[in-house]
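Q: I'd like to go through this one with you, starting from the annotation and moving on to the sheets and the ligand. Could you bring it up?

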Amino acid sequence: MTVLSLSGFGVTLRGRPILRDIAFDIGGGELVGLIGPNGAGKTTLMRAALGLIGSVGHSSLAALAPAQRGRAVAWLPQAREIAWPVDVQTVVSLGRMPHMSTGQRMTGADRDAVDSALEQMGLTELRQRTATRLSGGEQARVLIARTLAQETPLLMADEPIAGLDPAHQISTMETFAELARKGRSVFVSLHDLGLAVRHCTRLIVIDRGGVVADGPPRALLSPDLIRKTFGITAWFQDTPEGLVFQPLEVAT
Ligand SMILES: Nc1ncnc2c1ncn2[C@@H]1O[C@H](COP(=O)(O)OP(=O)(O)OP(=O)(O)O)[C@@H](O)[C@H]1O
C-alpha cells in the first residue's frame, strides 16, 4: 500500500525555486528518514506534500479532502509549543478528532488509542499534569503521543527527536521502528545521522531542493555522498550492534 506518492513535485516560494522534480513513493512498513543540510528543503517538502503550502506536480496527500487527510496522515510540525494549559491526556486525545464526528464522545477504542500512545511515549505518569508546565522535551513527547493516538497509516514528523534526551531519542526511534514493523509508515526529517542510519529502513537525502540519494542506509552511505552533501567526514561500519555512524570533521 502506498501512503504517500509524489511526482513531478516542486515548490517555489517568493519567486525562488525551493524544490524541483521530486518523485518518490512511500509504502507500508517503511521508516523513512529525510536527511539533508540546513536549508535543503526538508520542512518545505513535508509541508507541501501535506498541502499546507502551494506546489506544482502531484502529492497524493495534498489531493485529499481535509477530513480524509486527517485519517491518512498524522503531522508533527517542527514548532513544539503547546498553547493550551490543559492536561496531557487532553492534548493527546486531540489526536482522535479526525476519527470522531461533531459532538461525539470518545469511545473505548479512542481511550485505548490514547492510553497506548501515552504509554509508548513514557507519559502515563504525567497524564494529569498541565501540558504547558512540562519541560520542552516532555512537551515534545506529548505532541508525538498525539500523533501516535491518531493511528493513521502514515506518521509524518519534522525533526521529532530534536531536544529529546538520548534515552528518549532512542526510544522514540524504536517506537517509530515498531510502528513500521507493524505495517504502518513513518516519514521523519532528522539531523542526527547516527540515529537515522541505525533505525530507518530507508533514507531520502535532499540537497539544494533535489533528491540526491534514496535507498536503504547500508546501500546509500558513502564517504563521497557524506562529504558532498553534508561537508563532513564520518566513520561508519557494520558492527554486531548494527550500522554505526559517527561524524568526524568538517571536510576541507
Ligand atoms: N516562506 C518562505 N519564503 C521564502 N523562502 C523560504 C520560506 N520558507 C523557507 N524558505 C527557504 O526555503 C529553503 C528551504 O527551507 P526549509 O525550511 O525547507 O529547509 P530545511 O531543510 O527544513 O532546513 P533546516 O534543516 O534548517 O530546518 C531555505 O533556503 C529557506 O530560506
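A: What follows goes through the annotated domain, its two open sheets and the shell around the ligand, all in a predicted model.

Q: What does UniProt list for residues 4-233?
A: The unreviewed UniProt entry lists that stretch as "domain: ABC transporter". Over residues 4-233 the chain is 36% helix and 26% strand, and the C-alpha atoms at the two ends are 32 Å apart.

Q: Take the sheet with β1 in it, then. In what order do the 3 strands come?
A: The order is β2-β1-β4, in an open sheet with antiparallel pairing. Because β2 (16-27) and β4 (56-59) each have a single partner strand, they stand at the edges, and one side of each is left without a neighbour in the sheet. Neighbouring strands in this sheet are turned by 10° against each other on average, if direction is ignored.

Q: How many bridges hold β1 and β4 together?
A: Strand β1, residues 2-13, pairs with β4 over 3 bridges in the antiparallel sense, and Ser-7 has His-58 in β4 as its bridge partner.

Q: And which strands does α1 lie across?
A: Helix α1, which spans residues 42-49, lies across β1, β2 and β4, and runs at about 65° to β2. Its buried residues are Lys-42, Leu-45, Met-46, Ala-48 and Ala-49. After the helix comes Gly-51, with a positive phi near 85°.

Q: Changing topic: which residues surround the ligand?
A: The surrounding residues are Leu-13, Arg-14, Arg-16, Ile-18, Gly-36, Asn-38, Gly-39, Ala-40, Gly-41, Lys-42, Thr-43 and Thr-44. The elements that give two or more residues to this shell are β2 and α1, and α1 supplies the largest share, with 3 residues.

Q: So Lys-42 turns up twice. How does the shell divide into nonpolar, polar and charged?
A: Lys-42 is indeed among the buried residues of α1 and also among those surrounding the ligand. As for the chemistry, the shell divides into 3 nonpolar, 6 polar and 3 charged residues.

Q: On to the sheet of 6 strands. Which order do they take, and what is the pairing?
A: They run β5-β6-β7-β3-β8-β9 in an open sheet, and the pairing is mixed. The edges are taken by β5 (73-76) and β9 (210-215), each with a single partner strand, so one side of each has no neighbour in the sheet. From one strand to the next the twist averages 15°.

Q: Is anything packed on it, and where does α5 touch?
A: Helix α5, residues 136-149, packs on this sheet and touches β5 and β6 (154-158), with its direction making about 170° with that of β5.

Q: What about β7, buried or exposed?
A: Strand β7, residues 185-189, is mostly covered, with 5 of its 5 residues buried. Both faces are covered, with Ser-185, Phe-187 and Ser-189 buried on one side and Val-186 and Val-188 buried on the other.

Q: Which way do its neighbours β3 and β6 run relative to it?
A: Strand β3 runs parallel to β7 and is joined to it by 4 bridges, with Gly-33 standing opposite Val-188. Strand β6 also runs parallel to β7, joined by 5 bridges, and there Asp-158 stands opposite Ser-189.

Q: And β3 with β8, parallel or antiparallel?
A: Strand β3 (residues 31-35) and strand β8 (residues 202-207) pair in the parallel sense over 4 bridges, with Leu-34 having Ile-204 in β8 as its bridge partner.

Technical notes
Residues are numbered from 1 along each chain as its sequence is written. This is a predicted model: local features need pLDDT of at least 70, side-chain atom pairs count only at pLDDT 80 or more; totals for chains, interfaces and linings use all residues. UniProt positions are given in the numbering used here, feature names are shortened, and annotations may be inferred rather than shown by experiment. Two strands pair if DSSP finds at least two bridges between them. Axes are lines fitted to C-alpha atoms, for helices over the stretch in contact, and angles run from 0 to 180 degrees between N-to-C directions. Two residues are in contact if their C-beta atoms, placed from the backbone, lie within 7 Å. A residue is buried if 20 or more other C-beta atoms lie within 10 Å of its own, exposed if 12 or fewer, and partly exposed in between; C-beta atoms are placed from the backbone. A residue is near a molecule or strand if its C-beta atom, placed from the backbone, lies within 6 Å of it. Ala, Val, Leu, Ile, Met, Phe, Trp, Tyr, Cys and Pro count as nonpolar, Asp, Glu, Lys and Arg as charged, and the others, Gly among them, as polar.
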